[in-house]
Amino acid sequence: MRRTDFEWTVAAGHPAFSGHFPDQPIVPGVVLLDRALYFAEAVLGRPALVWEIAQTKFFSPVGPGQVLTFQLHERPDTSIAFSVLADGREVAAGHLRPGR
């Protein structure tokens with residue numbers, strides 16, 4: 001399995017924070033999934049119009065300004081396993097399959 005890492009800093013002004021726990025903002029899981037899908041398309045070298053999210057787990061909240069490392073593992077069946085790390089701790093992980 002080949003691994004590719006991507007780094008993304010969660011902008012303090014990200015629009016997802018405006019209504020997602022205003023007193024203690026956290027990144028919604030769907031935003032982490034969106035970034036994982038975006039990076040998976042970069043790994044595959046092509047966009048996938050349809051994705052199957054085979055599995056996803058969220059372990060720890062992510063706040064504004066955090067630097068995230070997305071580790072994507074390309075599998076032989078063209079699926080992508082991913083982990084999201086913040087400050088060395090895993091905050092999310094999952095498995096994506098591109099549509100055919």
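**Note on the sheet, the helix and the salt bridges**

1. R89 is partly exposed, with a relative accessible area of 30%. The model is a predicted one, and this should be kept in mind for every point below. R89 forms a salt bridge with D87, and the closest N and O atoms of this pair are 4.0 Å apart. The partner D87 is exposed, because its relative accessible area is 69% and the limit for that word is over 50%. D87 also has a place in a turn: in the hairpin of β4 and β5, which has 2 residues between the strands, D87 takes a positive phi near 55 degrees.

2. How many salt bridges does a search of the whole structure find? The search finds 4 salt bridges, and the pair of R89 and D87 is one of them. Another joins D5 to R3, with the closest N and O atoms 2.8 Å apart. D5 counts as partly exposed at 37% relative accessibility, and R3 counts as partly exposed at 46%.

3. A further salt bridge is formed by R97 and E52, whose closest N and O atoms are 2.8 Å apart. This pair links distant parts of the chain: R97 lies in strand β5 (residues 89-98) and E52 in strand β2 (residues 51-58), and the two are 45 residues apart. R97 is partly exposed at 33% relative accessibility, and E52 is partly exposed with a relative accessible area of 42%.

4. Next, the sheet. In what order do the strands stand? The 5 strands form an open sheet in the order β1-β3-β4-β5-β2, with antiparallel pairing. The edge strands, each pairing on one side only, are β1 and β2. On average, neighbouring strands are turned by 20 degrees against each other, direction ignored. When following a strand by eye, note that in a regular strand the side chains alternate between the two faces of the sheet.

5. The pairing can be followed from β1 inwards. β1 and β3 run antiparallel and are joined by 8 bridges; R2 has E74 in β3 as its bridge partner. α1 packs on the sheet and touches β1, β2, β3, β4 and β5, and its direction makes about 50 degrees with that of β3.

6. β3 also pairs with β4, in the antiparallel sense and over 7 bridges. Here the bridge partner of H73 is A81 in β4. The hairpin of these two strands has 5 residues between them, and in this hairpin T78 takes a positive phi near 70 degrees.

7. β4 pairs with β5 in the antiparallel sense, over 7 bridges. In this pairing F82 stands opposite G94 in β5. Why is β4 described as largely enclosed by the rest of the structure? The reason is that 6 of its 7 residues are buried, where buried means under 20% relative accessible area.

8. T56 gives a view of how separate parts of the chain meet. T56 is in strand β2 and counts as partly exposed at 25% relative accessibility. T56 and A93 are 37 residues apart in sequence, but their C-alpha atoms are 5.7 Å apart in space. Leaving aside residues up to four places away in sequence, T56 touches L33, F82, A93 and G94. Two of these names have appeared already: F82 and G94 stand opposite each other, with G94 in β5.

9. Last, the interior. The largest nonpolar core has 28 residues, and those with the most contacts inside it are L68, F70, L72 and L96. The elements that give two or more residues to this core are β1 (2-9), α1 (29-44), β3 (67-74), β4 (80-86) and β5. Which element gives the largest share? The largest share is that of α1, with 9 residues.

10. L96 can be checked in the model as an example from this core. Not counting residues up to four places away in sequence, L96 touches A36, L37, A40, W51, E52, I53, S79, I80 and F82. Two of these contacts connect with earlier points: E52 is the salt-bridge partner of R97, and F82 is also touched by T56.

Technical notes: Residues numbered from 1 in each chain as written. Predicted model: local features only at pLDDT ≥ 70, side-chain atom pairs only at ≥ 80, totals over all residues. Heavy atoms only, no water. Salt bridge = Lys/Arg side-chain N within 4 Å of Asp/Glu carboxyl O. Buried < 20%, exposed > 50% of the residue type's maximum accessible area, 1.4 Å probe, protein only. Helix = DSSP H or I, 4+ residues; strand = E, 2+ residues; numbered from the N terminus. Contact = heavy atoms within 4.5 Å. Core = buried A, V, L, I, M, F, W, Y, C linked by side-chain atoms within 4.5 Å. Pairing = 2+ DSSP bridges. Axes fitted to C-alpha atoms, helices over the stretch in contact; angles between N-to-C directions.
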